[in-house]
Amino acid sequence: MLTVALPKGALLKDTIRLLQSVGLDFSAFLESNNRQLQISDPTNTAQALLVRAQDVPVYVEYGQAQLGVVGYDVLREKHPKVAHLADLKFGYCRLSVAVKQSSPYRSALQLPPHGRVASKFVKCAAEYFEALDLPVEIVPLSGSVELGPITGMSEAIVDLVSSGRTLKENGLVEIDVLFESTARLIVNPLSYRLNSDNLHGWVERVRETISAAV
């Protein structure tokens, strides 16, 4: 049976809607009283695992799921051994450098050498500043990175931005964009090579649906 890893959070509704359009219904995950983490679709064609977005590529890489949906930001940070097959055109956001509005810095290159940058995206941030040849200390945080500049712990942050509302409400402003991110379709490479559970067919249906919507 085909197993799909679905991301909790912002991408879930659009992911379920996309899969419904190709014949896989996992909408039970959206029911308010549902606490299950693994369900089958009504036709018993496939099952889905509901996992944290950061864990989707792990389940796919290790073969517990043949197919998954995850943000490009997670793929850039984790570098998992998965095959990235399609841009799903939803879940747009960007990974940006931000500082306090009162800060004198208006580009990443203006940040002081050996200054501190707080981020959940430690690898992406480190790679970005290495490419700029600007030595900084990356302060790893797992939540509310906006507090870094607010408390004076860091000069800047590297974080995901969609509408920019959270930054504005916390007195921060974007000064540079590392990259843009959308939801991506990923597969386990071995499963795809072997076409396990008609994986090629499901991937093609998703691609056709995305192409038709553009």
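Cys93 is buried, at 11% relative accessible area. I start there, with the reminder that what you see is a predicted model.

What is the nearest cysteine sulfur to that of Cys93? It belongs to Cys124, 11 Å away. That is too far for a bond, since a disulfide needs the two sulfur atoms within 2.5 Å. Cys124 is buried as well, with a relative accessible area of 4%. The count of disulfides in the structure is 0, and Cys93 takes part in none.

Next, helix α1, which runs over residues 12-21. Which of its residues are buried? They are Leu12, Thr15, Ile16, Leu18 and Leu19. Looking down the axis of α1, these buried residues stay within an arc of 160°, so they line one face of the helix. The general background is that an α-helix has 3.6 residues a turn, so residues three or four places apart point the same way. As for what lies over the buried residues of α1, the cover includes three strands, β1 (2-7), β3 (46-51) and β4 (67-71). Helix α8, residues 199-213, is also part of that cover. Just past the end of α1 comes Gly23, with a positive phi of about 105°.

Now to the surface. Val58, Tyr59 and Tyr62 make up a nonpolar patch there. Together the three have about 300 Å² of accessible area. Val58 sits in helix α2, which covers residues 56-61. Is Val58 on its own buried, partly exposed or exposed? It counts as partly exposed, because its relative accessibility is 34% and that class lies between the 20% and 50% limits.

Last, Thr182. Where is it found? Thr182 is in the loop that joins β10 (172-181) to β11 (183-187). Although it is a loop residue, Thr182 counts as buried, at 13% relative accessibility. What does it touch, leaving aside neighbours within four places in sequence? One set of contacts is Val70, Gly71 and Tyr72. The other is Asp87, together with Phe90, Gly91 and Tyr92. Val70 and Gly71 bring us back to β4, residues 67-71, one of the elements covering the buried residues of α1. Asp73 is also worth a look: 109 residues separate it from Thr182 in sequence, while their C-alpha atoms are 7.9 Å apart in space.

To recap: two buried cysteines, Cys93 and Cys124, with no disulfide; a helix, α1, with its buried residues along one face; a nonpolar surface patch that includes Val58; and a buried loop residue, Thr182.

Terms used. Residues numbered from 1 in each chain as written. Predicted model: local features only at pLDDT ≥ 70, side-chain atom pairs only at ≥ 80, totals over all residues. Heavy atoms only, no water. Buried < 20%, exposed > 50% of the residue type's maximum accessible area, 1.4 Å probe, protein only. Helix = DSSP H or I, 4+ residues; strand = E, 2+ residues; numbered from the N terminus. Arc of directions from axis to C-beta. Contact = heavy atoms within 4.5 Å. Patch = residues over 30% accessible without salt bridge, like charges linked within 9 Å, V, L, I, M, F, W, Y side chains within 5 Å. Areas by Shrake-Rupley, 256 points an atom, 1.4 Å probe, with all protein chains shown as cover. Salt bridge = Lys/Arg side-chain N within 4 Å of Asp/Glu carboxyl O.
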